[in-house]
Amino acid sequence: VLIMKGRIRREVAVSPLPPRLGKIKCGKRSEKGFPQSVDYFIATGKYAPLFDAVYPHANSLLVYFPSDDPEQVCRENYVYRDNAGRKVAEGDGEEFLIWSERKQARVKCNINDNPDIMAQVEKKYPSKTGWQVTLTLNVVLPMVNKIYGVWTFETKASASSIPQIRDTFDAMLEANGHISGVLCDLNVAFAKADNPSGSRFPVVTLIPNETETNIAKVQEVKMLGR
């Protein structure tokens with residue numbers, strides 16, 4: 001039986017991830033300062049120019065996971081932020097880290113010891129958004145070859161992006177016994193909401209894609225030392 005942390009808790013020793021280079025998003029601020037969704041990936045952080053040189057307004061990235069451990073590279077968890085946007089709690093549904101005003105630190109709590117812990121957090125810290133499911137990916141972009149590390153992508157799209165990415169990751173891991181090093185396409189495209197507003201929102205998908213073309217691209221970049 002395959003037991004995966006991030007889905008079912010386990011205690012194992014894991015290797016540390018490479019350093020984080022920056023974040024990848026599919027949203028930005030409009031000229032008026034309002035959040036705006038886009039159908040391409042945007043990098044943030046010190047090394048964003050290296051990303052932009054390879055992927056200007058790209059809607060598909062070639063990625064691979066540097067680990068098989070979901071807790072490190074494809075982690076699904078609950079996140080709770082108060083009305084000021086501060087993260088006061090997060091957890092996997094069983095074990096939580098919750099901010100303690102008295103200790104001025106996050107304290108570990110287990111739902112088996114306190115079944116009402118999530119409701120208690122809601123009562124203590126008012127929030128317009130409440131508990132949200134967040135999926136965090138840490139991936140390597142082999143085409144951005146001038147520096148080595150992971151890029152972080154987060155999504156709260158619990159009805160679209162999260163199930164597709166999570167299920168693809170889990171299926172690959174279960175079928176092959178590993179997913180680390182497997183080349184995948186991380187894609188983003190607009191979808192239309194199924195309601196009268198007809199609003200659009202970005203949906204991100206993960207597609208394993210170890211074609212000869214992709215393998216050749218990576219090998220060429222390595223040889224050129226880009």
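**Close-up 1. Ser-60 meets its bridge partner.** Here we're looking at Ser-60, whose bridge partner in β10 is Asn-187. This is a predicted model, so read the whole set of views with that in mind. A bit further along, Leu-62 stands opposite Asp-185, again in β10. Taken together, β3 and β10 (residues 184–192) are joined by 4 bridges and run antiparallel.

**Close-up 2. The β10 and β11 pairing.** Swing over to β11 and you'll find 9 bridges linking this strand to β10, in the antiparallel sense. One pair to pick out is Phe-190, which stands opposite Pro-202 in β11.

**Close-up 3. The three-stranded sheet in full.** Put those pairings together and you get an open sheet of 3 strands, ordered β3-β10-β11, with antiparallel pairing. β3 (60–63) and β11 (200–208) are the edge strands, each pairing on one side only. How much are neighbouring strands of this sheet turned against each other on average? The turn comes to 25 degrees, direction ignored. As a general reminder, strands of a sheet pair through backbone hydrogen bonds, either parallel or antiparallel.

**Close-up 4. A patch of positive charge on the surface.** Now for some side chains: Arg-20, Lys-23, Lys-25, Arg-29, Arg-81, Arg-106 and Lys-156 gather here in a positively charged surface patch. Which strand gives the most to the positive patch? That would be β1 (residues 20–29), with 4 residues. Arg-106, also in the patch, sits in strand β7 (residues 105–110).

Definitions and conventions. Residues numbered from 1 in each chain as written. Predicted model: local features only at pLDDT ≥ 70, side-chain atom pairs only at ≥ 80, totals over all residues. Heavy atoms only, no water. Pairing = 2+ DSSP bridges. Helix = DSSP H or I, 4+ residues; strand = E, 2+ residues; numbered from the N terminus. Axes fitted to C-alpha atoms, helices over the stretch in contact; angles between N-to-C directions. Patch = residues over 30% accessible without salt bridge, like charges linked within 9 Å, V, L, I, M, F, W, Y side chains within 5 Å. Areas by Shrake-Rupley, 256 points an atom, 1.4 Å probe, with all protein chains shown as cover. Salt bridge = Lys/Arg side-chain N within 4 Å of Asp/Glu carboxyl O. Lys, Arg positive; Asp, Glu negative; His and termini not counted. Charge placed at Lys NZ, Arg CZ, Asp CG, Glu CD.
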